[in-house]
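Open the model in your viewer and keep the sequence panel visible. Each stop below tells you what to select and what you will find there.

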Amino acid sequence: MIKLSVMIPVYNEKPTLEEIVRQVRAVQIDGVEKEIIAVDDGSTDGSREILQKLAQAPDFHAYFHEKNQGKGAAIQTAIQHAQGDILLIQDADLEYDPRDYTVLLRPILEGRTCVVYGSRFLGAPRKAMFFSHMLGNKLLTFVTNFLYDTILSDMETCYKVVCREVFEGIKLRSRRFDLEPEITAKILKRGYRIIEVPISYYGREYAEGKKITWRDGLVALWTLIKYRFVD
């Protein structure tokens, strides 16, 4: 039996938290058992109390940062506690659909790769994105492809699915949204080739709690350049 660790960073996600956990639990894949690792990153909206309640179930493990440190810090904490053979990053909002786990895991379960990214640009249903976000994503993905000699379509995707041994060989340093380019840079520099699969996407508005901004894009760009030349 293969074990999947679903890692959920949480920061003030009370409106969607219980629903995303319900959706994750609803996914059943033959030969795969799941554990959920949620890390609260200093929430102040009641998310912590929800996690404490959810953690009463044996498949759910919650950890807490006393102060907000960023998505990268939450994922690093989750990796430290994950017991799965395969690790998957799941945002706590409802932008990404856990029903896509089946297509995300298939290339790994078939032994074709150790790393799968879910791409929002390969033809699956998606809610229209902000043009500025799409443009920024395309720019960062182009820079990734240029610097690391690959042909990704969506470097900034949340859905990164990685075998445990890959993460064991990487030391992550990023504390915030720059985690996405750091993971990608270090995976590619170690010679792993990433398989992309189409996923659905339902992007939320800033009024609904979206947190990433253009400043994070600039940091991501610098991160890609930095890790091309240092480790």
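## Stop 1: D41 and its surroundings

Select D41 and show everything around it: leaving out residues up to four places away in sequence, D41 touches V10, Y11, H65, K67, N68, Q69, G70, K71 and A74. Bear in mind that this is a predicted model. D41 lies in strand β2, which covers residues 32-41. D41 counts as buried because its relative accessibility is 3%, and buried means under 20%.

Now display the side chain of D41. One polar contact, of 2.8 Å, joins it to the side chain of H65. The D41 side chain also reaches the backbone nitrogen of G70, at 2.6 Å. To see a longer distance, pick the C-alpha atoms of D41 and M7: they are separated by 13 Å, and the two residues are 34 apart along the chain.

## Stop 2: helix α3

K71 was among the residues touching D41. Select helix α3, residues 71-81, in which K71 lies. How many of the residues of α3 are buried? The count is 9 of 11, so the helix is mostly covered. The buried ones are K71, G72, A73, A74, I75, Q76, T77, A78 and I79. Turn on the neighbouring elements to see what these buried residues pack against: β1, β2, β3 (60-65), β4, α6 and α7.

## Stop 3: a network of charges

Stay with K71 and add D91. Their side chains meet in a salt bridge, with 3.0 Å from N to O. The pair links distant parts of the chain, since K71 is in α3 while D91 is in the loop between β4 (86-89) and α4 (101-109), 20 residues apart. Both K71 and D91 are buried. Next, add K160 and E180 to the selection: salt bridges with shared partners join K71, D91, K160 and E180 into one network.

## Stop 4: two more salt bridges

The structure holds 14 salt bridges. Side chains of opposite charge can pair when their charged atoms come close.

Select K3 and E35, whose side chains meet in a salt bridge of 3.8 Å, N to O. K3 is in strand β1 (residues 2-10) and E35 is in strand β2, so this pair ties together parts that are 32 residues apart in sequence. K3 is partly exposed, with a relative accessible area of 23%, whereas E35 is buried, at 3%.

Then select R22 and E19, which form a salt bridge of 2.7 Å, N to O. Both lie in helix α1 (residues 14-26), 3 residues apart, or about one turn of the helix. An α-helix has 3.6 residues a turn, so residues three or four places apart point the same way. R22 is partly exposed, with a relative accessible area of 48%, and E19 is partly exposed too, at 29%.

## Stop 5: S174

Select S174, in the loop between α6 (164-168) and α7 (179-189). Is S174 buried or exposed? S174 counts as buried because its relative accessibility is 3%. Its side chain makes a polar contact of 2.6 Å with the side chain of E182. Setting aside neighbours within four places in sequence, S174 is in contact with G72, A73, Q76, L179 and E182.

## Stop 6: cysteines without disulfides

A disulfide is a covalent bond between the sulfur atoms of two cysteines. How many does a search of the whole structure find? The search finds 0. Select C114 to see one example: C114 is in no disulfide, and the nearest cysteine sulfur, that of C163, is 3.9 Å away. A disulfide would need the two sulfur atoms within 2.5 Å. C114 is partly exposed, with a relative accessible area of 24%.

Move to C158. Why is C158 not bonded to C163? The sulfur of C163 is the closest cysteine sulfur to that of C158, but at 17 Å it is too far for a bond. C158 counts as buried, at 2% relative accessibility.

## Stop 7: a patch on the surface

Finish on the outside, with a surface display. Select W222, I225, F229 and V230, which form a nonpolar patch on the surface with about 440 Å² of accessible area together. F229 lies in helix α8, residues 214-229. With 63% relative accessibility, F229 counts as exposed.

Notes: Residues numbered from 1 in each chain as written. Predicted model: local features only at pLDDT ≥ 70, side-chain atom pairs only at ≥ 80, totals over all residues. Heavy atoms only, no water. Patch = residues over 30% accessible without salt bridge, like charges linked within 9 Å, V, L, I, M, F, W, Y side chains within 5 Å. Areas by Shrake-Rupley, 256 points an atom, 1.4 Å probe, with all protein chains shown as cover. Salt bridge = Lys/Arg side-chain N within 4 Å of Asp/Glu carboxyl O. Helix = DSSP H or I, 4+ residues; strand = E, 2+ residues; numbered from the N terminus. Buried < 20%, exposed > 50% of the residue type's maximum accessible area, 1.4 Å probe, protein only. Polar contact = N/O pair within 3.5 Å; in protein donor to acceptor, adjacent residues only side chain to side chain. Contact = heavy atoms within 4.5 Å.
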